[in-house]
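Student: I am new to this structure and should like a close look at one part of it. Could you please take chain A, and then place it beside its partner?

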Amino acid sequence: MTWIVWRQQRPVFITLAGGLVVAAAAILLLRAGMLADLKAGNLVDCVEQKLAVCRGKEAREFQKSWYDLIHIAQIAVVVVPALVGVFIGAPLFAREFEQGTHVLAFTQSVSRTRWMATKFVVAGLPALLFVAALQLLVRSWVNAAGKLGPLVGGPFYFTTFDAQGVSPVVYTLFAYTLGVFVGALSRRTLVAITLTLGVFVASRIAVAVRRDEFGEPVRELSPDLTDPYAGVGDGQVMDTGFLDAKGAVVADPGSAQAPCVPSTRVEVSVEDRTACWQQHGLAQRYRDVLQVDQATTIHLLEAAIFAGLAAVFVLGLVWAVRRQS
Amino acid sequence: MNASPVHASSVAKHFGRVRALDDCSFALPEGSVTALVGPNGAGKSTLLSLIAGLARPTSGSVSVRGTPVRGRMHPDVALLTQKRPLYEQFTVREVMRAGAALNDRWSAARASEVLDLLAGVDRDAKVRTLSAGARTQVAIALALGRLPKLLLLDEPLSDLDPLARDETLRIVMTDVAERGTTVLLSSHLLTDLGDVCDHLLLLDEGRVQVVGDIDGILVDHRVVVGPAEVELETDGVVVDSSHTPRQTTALVRGGSAPSGWDSTHPDLETLVMAYLRASRTRKLARQ
């Protein structure tokens, strides 16, 4: 039975293997080229931390040539799970039902359950391994660029977060199970592909916008009234605002700031503006920041949601295949 | 418990409001070759898929060799479906390997024997490149490789040329002769069936119209011909009658030969045609 699924999925496996070889070669070559550039520009230290020298001409040149490429690699890791769901998951059962070949299997000795389980595992595992390998390759490149690459945005930067930790593999599992379930239910490849893509994108967005609810933002206070991001770390700023002298949140900072806007077009110094705002009751800046060390927790919570949904889809798949007209 | 190869008791299958099968009861004797006939949409394929366990009856039950069919195929059954589903990308050799992998009991020798019959099928040809006849042969090889005791064939002869039809029937009949396989085959090709079938199961609108041994059925029916102006009086059941300006021809079931009418026993084709015509007449009358 394993052999049959392997044989049926052979073009898919060849595509995955070929894709991985090409991706690995490209990433390793680009990474080597990038490391050479780092050395040539004396930027090796800038990978670890943001130094003053890292804002120089060499750093800008370096980012100009590499940042977008690394970013694209991260986006690939974010997109591939959807492709797995659409092109491997959705047609897996839909095509059998569409072409009537499920009858071929059902009129032999194997049970429907075994047929389904074998197809599910044999077709799914290589896809998961592919995503995991791609993630590791891209990760090694992203890490090599360090603070000169997308990591400068911290762990919550959208492509960094989605291409990191357990997320890519769990997204793949979610997309794949969604695809096979919808395919077995609709028995139409095109319907399954469309629904899989739609539901996958919608659920990813729905969960991503609630990311701040999974962690507990910490309130950081800053005396710098004018710049909300002064001295901000790698955490994700969820909200900013002002506190009054008693430490209470100012509900309407706009009305406090309004008198400080000059009537004519003149340059107001930061000090003057700060002083004016202080007179009108704005004592401190605050910002609610999702801390860097919460990234792992949020990854796991999000993974739990998608893994739970994947489990539901697997149960749905069992039902959809075993049900008889 | 009835241990006959197929035993159906009051089987019904409804698809929503459509009654594909209704109250079908019959049993097939061991080693019989039964022709399953009926007009399009009579429920032939539905009946075969119920026996194979591909679908579940709405009510009633089907049992194969004494075991009720529940959601999966009995190990002694093989089914050739109308569409001959095969993995298009596989070579014939790979299809046979799949057959071996999918079955607990599998005879590669038997399957190979079937493939070698007639002109022989190229083992390295991809399934999608095969002609309709070769494709059917591969599907039959896959079915017979299971060494079935009950072989269900849904339109095994459709889209085959006359020569391939004849040869395909010969493959099946060889299996019957050698292994005593019970066969239930649906077909529209009555002339081909006459030579090989010994039993008849005639379905119309989901109901069993006639079932039994063909010789007995033919003896039980009469084709009577008489002048057009005389009313036919018979103690049997008039299945179908047709009129020309000069004479009336009717198929009568049971009873004795009406006096004054020319009476003969029909052949299989005449009998089935009369039932099919009667079915169409009923349908038209309802519209």
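Tutor: The account below begins with the overall form of chain A, continues with its helix contacts and its sheet, and ends with the partner chain.

The model is a predicted one. Chain A contains twelve helices and three strands. Its radius of gyration is 26 Å, well over the 20 Å that the globule rule gives for 325 residues, so chain A is more spread out than a compact globule. Taken along the principal axes, the C-alpha atoms of chain A fill a box of roughly 85 × 50 × 35 Å.

Two helix pairs of chain A deserve attention. In one of them, helix 3 (residues 57–99) and helix 8 (residues 189–208) of chain A have axes that come within 8 Å and cross at roughly 150°. Because angles over 145 degrees count as roughly antiparallel, helix 3 of chain A is roughly antiparallel to helix 8 of chain A. The crossing of helix 3 with helix 8 in chain A is right-handed. On the side of helix 3 of chain A, the contact is made by A:Ala82, A:Gly85, A:Val86, A:Gly89, A:Ala90, A:Pro91, A:Ala94, A:Arg95 and A:Glu98. Helix 8 of chain A answers with A:Thr189, A:Ala192, A:Ile193, A:Thr196, A:Leu197, A:Phe200 and A:Val201. Sorted by class, the residues of this contact between helix 3 and helix 8 of chain A comprise ten nonpolar, four polar and two charged.

The other pair is formed by helix 5 (residues 112–145) and helix 12 (residues 295–322) of chain A, whose axes come within 10 Å and cross at roughly 135°. That angle makes helix 5 of chain A oblique to helix 12 of chain A. Here too the handedness can be stated: helix 5 of chain A passes helix 12 of chain A in a right-handed crossing. From helix 5 of chain A come A:Arg112, A:Thr113 and A:Met116, which meet A:Leu317, A:Val318, A:Val321 and A:Arg322 of helix 12 of chain A. Four nonpolar, one polar and two charged residues make up the contact of helix 5 with helix 12 in chain A.

The strands of chain A come next. They include an open sheet of three strands in the order 1-3-2, with antiparallel pairing. Strand 1 (218–222) and strand 2 (236–243) of chain A stand at the edges and have a single partner strand each, so one side of each is left without a neighbour in the sheet. On average, and with direction ignored, neighbouring strands of this sheet are turned by 25° against each other. Strand 1 of chain A pairs with strand 3 (residues 284–290) of chain A in the antiparallel sense, over five bridges. Within strand 3 of chain A, A:Tyr286 is the bridge partner of A:Leu221.

Chain A also touches chain B. In this meeting, 19 residues of chain A are in contact with 21 residues of chain B. Helix 1 (2–8) and helix 4 (101–106) of chain A each supply at least two residues of the side of chain A that touches chain B. Helix 4 of chain A gives the most to that side, with five residues. By class, the side of chain A that touches chain B holds eight nonpolar, ten polar and one charged residues.

A brief view of chain B completes the picture. Chain B has eight helices and 14 strands. The radius of gyration of chain B is 21 Å, close to the 19 Å that the globule rule gives for 287 residues, so chain B is as compact as a globular protein of that length. The C-alpha trace of chain B spans about 65 × 40 × 35 Å along its principal axes.

Some strands of chain B can be followed from one to another. Strand 1 (residues 6–15) and strand 4 (residues 59–64) of chain B run antiparallel and are joined by five bridges; in strand 4, B:Ser59 is the bridge partner of B:Ala12. Strand 4 of chain B is also joined by two bridges to strand 5 (residues 67–68) of chain B, and these strands run antiparallel. In strand 5 of chain B, B:Thr67 is the bridge partner of B:Val64. The hairpin of strand 4 and strand 5 of chain B has two residues between the strands, and B:Arg65 in this hairpin takes a positive phi near 50°.

How values were computed. Residues are numbered from 1 along each chain as its sequence is written. Chains are lettered from A and ligands numbered from 1 in the order in which they are written. This is a predicted model: local features need pLDDT of at least 70, side-chain atom pairs count only at pLDDT 80 or more; totals for chains, interfaces and linings use all residues. Two residues are in contact if their C-beta atoms, placed from the backbone, lie within 7 Å. Helices (H or I, at least four residues) and strands (E, at least two) are DSSP runs, numbered from the N terminus. Ala, Val, Leu, Ile, Met, Phe, Trp, Tyr, Cys and Pro count as nonpolar, Asp, Glu, Lys and Arg as charged, and the others, Gly among them, as polar. Axes are lines fitted to C-alpha atoms, for helices over the stretch in contact, and angles run from 0 to 180 degrees between N-to-C directions. Angles under 35 degrees count as roughly parallel, over 145 as roughly antiparallel, 65 to 115 as roughly perpendicular and the rest as oblique. A crossing is left-handed if the near helix is turned anticlockwise from the far one by less than a right angle, and right-handed if clockwise. Two strands pair if DSSP finds at least two bridges between them. The radius of gyration is taken over C-alpha atoms; the globule rule is 2.2 Å times the number of residues to the power 0.38.
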